[in-house]
Amino acid sequence: MHKLVDQAVAEVGTVLLGKEQQVRLALCCLIAQGHLLIEDLPGMGKTILSNALARVLGLDYQRVQFTSDLLPADVLGVSIFDRQAGGFQFMPGPIFSQLLLADEINRSTPKTQSALLEAMEEGQVSIEGQTRSLPTPFFVIATQNPSSQSGTYPLPESQLDRFLMRISLGYPSLAAERKLLLGDDSRQKLPLLKQCVSKDQLFALQKAVKEIHCSEDLLDYLQRLIAFSRKHKEIACGLSPRGALALLRCAKAWALMQGRGHVVPEDIQVVLPSVVEHRLEHAADFRADAAGLSQLMLAEVAVLN
Amino acid sequence: MIWMLAAQLLVVLGHVGRLPLWLLCAYGGCVLWRYQIYSGAWSAPKTLVKAGIILAVFAGIYASYRSLLGLEPMVSLLMAGFAFKLLESYSQRDCMRFIFIGYFTLATVFLFNQGLLTSLYVLVTLLLLSAALVSLQFPPHKAQAWLPLKKISIIFAQALPLTLLLFFLFPRFEPFWQIKLPSHQAKTGVGDVLSPGDISQLSKDDSLAFRANFVGERPPRSELYWRGVVLSYFDGRAWHQGTFQKKFHGSNTIELVNNNEPAKSYQYSIIQEPNYRPWLYTLAVASSKTPKVLATSDYRLQYREDIVERIAYQVETNSQAIMASTLSTVQRHKETLLNGDNNPRARALAARLYQQSASDQAYIQAVLNYFAQQNFFYTLMPPLLGENNIDEFLLDSRRGFCGHYASSFAFLIRAAGIPARVIGGYQGGEYNPLTGSVLVHQFDAHAWAEVWLPGKGWQRFDPTLQVAPDRIENSVQDLPATQADYLSQSGLSVMRFKHIAFFNKLRLELDAMEYRWASWVLQYKGERQFAFIEKWLGAITFTRIAFLLLLVSLPVVLWLLWSILQNRSAQTLKPQDADYQKLCQLMGRYDLHRQPNEGPIAFAQRVEQAANGPSAAIKQKFLAATRLYVALAYEPQGGESAALLAKQLRAELGVLKGMIHSHF
């Protein structure tokens, strides 16, 4: 089963050069049924990644560019009076798709952000008193600019928590960039990507994640990590139980992608930075960034008893 | 940093009265400088500047004390070092050193004073210093500003039982060595030279000289003549202690007067404050069984060495005993010797009075009457006297205090060929009803005379009584005529408030506490300690002490063991974990150490890729063993297969051990 994932990674790799680890993490997040937040500067390939993932997984794909004047109705949809039918007809918004790319989510106002995030959590939206389910599978890949840039509304912690993972792509390596410069425009290649994972296979993968074995020893390690985040003085607020669950889910998905039926500490260590960094906040007196905190957790917590 | 500064300030405060002013200013400068370094305005001192500072400090201390040796210069030097250390304490290590110097400096406070308040001050400072030490271990955090103090208080509280135990049981050793430092602060006390003008400073000193605790009856206040020093040698102007009197006298027999009065004896103990002399103060005629307390031939008690710390001794006084029923010719000569031919007018006066008297007794009375009838004034501020000081005092100025009266009285008696001498000591004392002890202060210092009469021995005569009877019934401070003088000199002293009942009570309470501190804590050593232990434990035997120590320490040890075991059992390694860790330790032979945060698979990969690592066979074995461990720890296992895997892991470990040992 993990071969499917390898294929998908390879396929995305043809348009997004040299970012295998990030692609894997993104897939891991989707397999673990979570939403993904990509934080990076403009032009680093965020859109290409999400577009390619949609194609490879065979999902229908919508993209919304978030701006400061975007309204919740623009995302969720709106009822319009149809003169011919003589009544109101609901025009579904872009959220009614299997994979929604919410581009630059932190450029919109908190009102719109929360409308989207609520839909992410519930899997359904209530519009004009009527509850409508979203399609399955439903993924949101949101991108955001570093919040220090001007004209951004940073997402509050409670909403960051809704994203299972946060990754950043970073600059490509020299070799990858040279290849990029020599090659064709990767946007043109996008429609050519093959679908590697069918919808049923995706469901099967998601189901298999839940069956991955997790031993007592591993849970001990996980709990040590959580406890460390809660009591260490450099960390203002530690991981919530939701954060702990997210870490376990991602570790299981990663183990599955590695073709293992059980989780090993290395799985946790691989996914930990992506899962916890946006959930941790450093205490006021310490300047270390969140990446430093996750590295601290990894460095300080012993794997074995 | 704040803790360090606060602790240092307290340490410096403990010495503030003893340090030269410039050193305190230098300390203030250091604090300022350190603050400027902290805020980045100034830079740290360069090596050359430091060298300059060192030289300046040495020069300054030499200039202040005229010597580098001695207690005060040494302490000043230490304080200066402590102050300037502030300028070069940056890293944690520096700061620790700084604090340790602080501990040492703090201990020097005890060289000067060991009273209750001092001990409390030292305790507080110790707490603060230790808090500074604790704060070094914690990065500063606003929300936990008091954390170091809290922590150290807990530690202190934990240490308390052990401290008490050691206090009661730990043997007090005499110091193995002693350095006699010339003290520049020789405390004014009763001097061994008396020439008019010598004792005037004493009256203004309200510090405690000693305290006496009577067992049973207490003599009336007018009988409290505490003899300290006997001045038998007159050099023409001043009275000195005779050289022979400094020798100890082993067989000092005390003879009872042969009359019908029963022997009247008093039992008392005295806690003597340090006076930097060997003199002990007792009522006549005293004997003592306290070790190191020796009797002298002039019926005094004397300590074997200078009293530099508070000591306690037991005395028994027989007030009816006579001192020296006979005088040898040599002694008689010495006790009547008037060197030189000074004071001719006084001699003439003596001759005139002696001629008019029928007997020696009558002559003495005539001299006393002379003091009573002539226009003598008692004052603490007598005029300076010239060459013939006794003449001038007796016939011209007629103003003086006890020293003037005693020495001129003794002069007049000797001039008539009757043995006489001057006694220095204290008179009276204040009875503290809270402790039942008599407090004798420095301002109670007094001088009187003794005259030898055949058959009666040395008899006490106090000519000052003839002048100012109030002087004996009340102490100096209550004397109305001198009160203004006295208070204007004493400055801000507790005694000043004596007339306000509340303050007087407070003062007496304080003194009572100080007394208990002295008698129970400071004097708890040697025999007293043994007595205390014996009281509670019976005879001191090795087995008993051992048993007690065991009894006390056993619960502690058991509790420790229990808590350690408790911890251990919480962290008891599963056999497979222990085996795996042994496996990893084997790799240590190849300088491959698994980091605590390194997963087994990651470590196995590292071992596999290690260039200078073990041979391929060993690598393979290690990988296989790691796989077993991973399967055990992280894969779903039934009970039986787990046991089997664990066994295999154990076997693999054994094999690998063999392979590696054969390799080395």
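The secondary structure of chain B, in this predicted model, amounts to 22 helices and 19 strands. Of the 664 residues that make up chain B, 31% count as buried, and among the contacts in the chain that join residues at least 6 apart in sequence, 71% link residues at least 24 apart.

One residue of chain B can be followed in detail. B:Ile271 lies in strand 7, which covers residues 265–272 of chain B. B:Ile271 is classed as buried because 20 other C-beta atoms lie within 10 Å, and the class requires 20 or more. Once its neighbours within four places in sequence are left aside, the contacts of B:Ile271 are B:Phe210, B:Arg211, B:Arg310, B:Ala312, B:Ala518 and B:Ser519. A further relation in space involves B:Leu439, which is 168 residues away from B:Ile271 in sequence, while the C-alpha atoms of the two residues are 9.8 Å apart.

Chain B also meets chain A, with 15 residues of chain B in contact with 20 residues of chain A. On the chain B side, the elements that give two or more residues are helix 20 (600–609) and helix 21 (616–634); helix 21 gives the most, with three residues. The residues on this side of chain B divide by character as set out below.

| Character of residues on the side of chain B that touches chain A | Number |
|---|---|
| Nonpolar | eight residues |
| Polar | four residues |
| Charged | three residues |

Methods
Residues numbered from 1 in each chain as written. Chains lettered and ligands numbered in written order. Predicted model: local features only at pLDDT ≥ 70, side-chain atom pairs only at ≥ 80, totals over all residues. Contact = placed C-beta atoms within 7 Å. Helix = DSSP H or I, 4+ residues; strand = E, 2+ residues; numbered from the N terminus. Nonpolar A, V, L, I, M, F, W, Y, C, P; charged D, E, K, R; others polar. Buried ≥ 20, exposed ≤ 12 C-beta atoms within 10 Å, placed from the backbone.
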